[in-house]
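Please look through the following structure slowly, beginning with the chain as a whole and then moving inward to its cores and to one chosen residue.

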Amino acid sequence: MSKIYIIHENKEWTDHLINRLEELELPYEEWFLDEGTVDLSSIPPEGLYFSRMSASSHTRDHRYAPELSTGVFAWLERHGRTVINGSGAIRLELSKVNQYMELDKFGIRTPKTIAAVGKEQILEAARKLESASFITKHNRAGKGLGVQLFHSIQALEEYLQGPLFEEPIDGITLIQEYIQSPDNSITRCEFIGGKFIYAVRVDTSEGFELCPADACRIDDPFCPVGEQPTIIDKFQVIEGFDDPIIKKYEELLRSNHILVAGIEFIRNEQGQIFTYDINTNTNYNSDAEAKVEKYGMLELAKYLGEELKTVNSIYK
């Protein structure tokens with residue numbers, strides 16, 4: 001009998017899934033790909049492969065984990081193995097430029113964005129943007145890396161010349177128009193099996209780092225899932241969420257062979273939706289889920305179990 005292989009580089013983001021797999025008595029094995037080898041002449045084991053590889057791996061001293069995983073996906077897919085969130089997903093996970101071009105392809109509005117390499121080019125891009133307020137962010141990001149809000153070119157220049165400037169791991173900084181939400185919130189839409197599961201309202205009034213993982217409580221004082229009572233409701237599942245944007249998101253995910261994802265958008269004062277992030281290594285907030293009795297990791301484990309049945313039927 002084959003098993004579910006979980007490809008990742010951060011155990012804290014897989015523990016919840018593993019607990020659910022064990023609860024459902026599903027066979028699994030972890031492939032921790034912070035470093036390693038790939039024998040391209042060998043045949044990979046039969047089974048179902050699921051990737052939780054993250055663009056922010058370098059912040060955990062796993063600099064080349066995504067590159068290694070990309071090679072592993074090519075090897076697995078060459079041999080006909082079923083890979084959930086394989087090559088198509090990691091292509092978008094590692095580049096917001098790629099994300100925005102895919103969003104544009106499906107007629108999904110994004111904030112006006114300019115990609116730049118070099119400090120002078122970042123300043124030039126900000127001038128060209130001609131936006132009263134704008135943000136910077138890393139092209140290869142995760143965890144809100146490099147996200148800073150500016151209200152003037154001078155403030156940006158001071159940041160670029162100061163000690164707080166973060167050099168992106170791929171060298172590409174995005175300069176993006178700032179979309180003001182009237183209620184200081186964004187919405188994150190979760191998908192499993194390529195289908196919409198639920199939407200979460202996230203309060204952004206205290207900052208931009210919006211990873212919903214419970215593991216953020218451990219060592220990230222800026223992550224808004226901390227234990228302080230004043231911010232427990234920062235994540236709230238939206239009951240009955242329904243919007244035409246969901247159909248477009250599902251079409252985009254299907255086209256890129258992405259089956260598990262969280263897509264984030266913000267509404268401006270006119271109610272227009274601007275989509276700005278596709279997370280193919282999605283996490284869930286247990287406090288928000290418990291209040292509505294909807295559990296992303298449980299649904300994900302069930303989905304992987306059903307996919308494993310399909311894989312096993314092929315091998316018989």
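The chain has ten helices and 13 strands, and the model in which they appear is a predicted one. Along its principal axes, the C-alpha trace spans about 65 × 45 × 40 Å. A compact globule of 316 residues would have a radius of gyration near 20 Å, and because the chain has 20 Å, the two agree. Of the 316 residues, 52% count as buried, while the chain exposes about 14,900 Å², of which carbon and sulfur atoms supply 49%. If we take the contacts between residues at least 6 apart in sequence, 71% of them join residues at least 24 apart.

Turning inward, we find that the largest nonpolar core has 53 residues, and that Ile 4, Leu 17, Cys 189 and Leu 252 are among those with the most contacts inside it. Helix α10, which covers residues 296–315, gives the largest share of this core, namely seven residues. Domain 1 (3–93 + 300–315) and domain 2 (94–108 + 181–294) each contribute at least three residues to this core. A second, separate core of 16 residues includes Ile 7, Tyr 49, Val 72 and Leu 94. To return to Leu 252, its contacts, not counting residues up to four places away in sequence, include Leu 92, Phe 106 and Ile 278.

Finally, consider Ser 185, which lies in strand β9 (residues 185–192). Is Ser 185 buried or exposed? Since buried means under 20% relative accessible area, Ser 185 counts as buried because its relative accessibility is 8%. The side chain of Ser 185 is joined to that of Asp 183 by a polar contact of 2.8 Å, and, leaving aside neighbours within four places in sequence, Ser 185 is in contact with Arg 201, Val 202, Thr 204 and Ile 266.

Definitions and conventions:
Residues numbered from 1 in each chain as written. Predicted model: local features only at pLDDT ≥ 70, side-chain atom pairs only at ≥ 80, totals over all residues. Heavy atoms only, no water. Core = buried A, V, L, I, M, F, W, Y, C linked by side-chain atoms within 4.5 Å. Buried < 20%, exposed > 50% of the residue type's maximum accessible area, 1.4 Å probe, protein only. Helix = DSSP H or I, 4+ residues; strand = E, 2+ residues; numbered from the N terminus. Domains from an automatic or database assignment. Contact = heavy atoms within 4.5 Å. Polar contact = N/O pair within 3.5 Å; in protein donor to acceptor, adjacent residues only side chain to side chain. Rg over C-alpha atoms; globule rule 2.2 N^0.38 Å. Areas by Shrake-Rupley, 256 points an atom, 1.4 Å probe, with all protein chains shown as cover.
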